[in-house]
Amino acid sequence: MTEYSIKVQDELQVWKGKMLKQSSLINRISKKAQTKVNKLIPEKVHAVMTESIKNMVKATLVGSNVTTKKHQTLGMNLYEKDELLKEKLSTYRKTAVIEGAGTGAGGILLGLADFPLLLSIEIKFLFEAAAIYGFDTNEYEERLFILHVFQLAFSSDEKRKETFHIIENWEEEKQFLMDMDWQKFQQEYRDYIDFVKMLQLIPGFGAIVGAYANYNLLDHLGETAMNAYRLRTLQAQ
């Protein structure tokens, strides 16, 4: 094992602790409030929202798979792959910032349009991450893994811990996974970003919030993706 791989293993242990620790009191209180609100929403509304986001994500998965350059890192070592991912993340972060500022500046109507646009940027970035670390997104299980990385990044404590276990033990766990729990998927994501995205709907102020929020969301997703794929890479060695 190389010196860099040993360094990465140490970083993965720190990341694991971060994934498994309890979130802040404010976040826990916010999640409880959001859960209560979700229970007040009629089941038919949940079903419509779930189906809409499911179709949106699946369409993005197909499009991203077609446009992502495969086999771009053949011959690269782990350090070189990590550095390339950081470069890609910087580009996607800038795109998300511009998109967040643009839709945030437009107030309510454009602010609502931010949701599918940001989602497509995030999913496309995850396809890039998979390709960089040499995983074939033509395979259904790899697209399912991408959705679990997404869920790991944007979930509450309980779901994050459950998802981390699946990712950490992917080779064993994947055989029991047929599809995502789409209602849980969309609820966890919406709850994670709801508060900051509500502020983004305010004209003028929304531009600042949108840019800042999208930067941090992509940054967090980048860290999650890098470590998830590092983990699988080292497990395969």
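**Starting from an enclosed helix**

Helix H6 is a good way in: eleven of its 14 residues are buried, so the rest of the structure largely encloses it. Keep in mind as you look around that this is a predicted model. H6 covers residues 140-153 and spans 20 Å from its first C-alpha to its last, close to the 20 Å expected at 1.5 Å a residue. Its buried residues include nonpolar ones such as Leu144, Phe145, Ile146 and Leu147, but also Glu142, His148 and Gln151. Buried here means under 20% relative accessible area.

Now step back to the whole chain. You'll find ten helices and zero strands, so to speak an α element every time as you walk from the N terminus. Of the 237 residues, 48% count as buried. Among contacts with a separation of 6 or more, 81% join residues 24 or more positions apart. On the outside, the accessible surface comes to about 12,300 Å², and carbon and sulfur atoms hold 62% of that.

What sits in the middle of the packing story? The largest nonpolar core has 54 residues. Leu147 and Phe150 are among those with the most contacts inside this core, along with Val57, Phe125, Leu126, Tyr133 and Tyr229. Helices giving two or more residues to the core are H1, H3, H4, H5, H6, H7, H9 and H10. H5 (107-132) gives the most, with ten residues.

For a close-up, try Val57. Leaving aside residues up to four places away in sequence, Val57 touches Leu119, Ile123, Leu147, Trp182 and Phe185. Leu147 brings you back to H6, where this residue is one of the buried ones.

Terms used
Residues numbered from 1 in each chain as written. Predicted model: local features only at pLDDT ≥ 70, side-chain atom pairs only at ≥ 80, totals over all residues. Heavy atoms only, no water. Helix = DSSP H or I, 4+ residues; strand = E, 2+ residues; numbered from the N terminus. Buried < 20%, exposed > 50% of the residue type's maximum accessible area, 1.4 Å probe, protein only. Contact = heavy atoms within 4.5 Å. Areas by Shrake-Rupley, 256 points an atom, 1.4 Å probe, with all protein chains shown as cover. Expected span 1.5 Å × (residues − 1). Core = buried A, V, L, I, M, F, W, Y, C linked by side-chain atoms within 4.5 Å.
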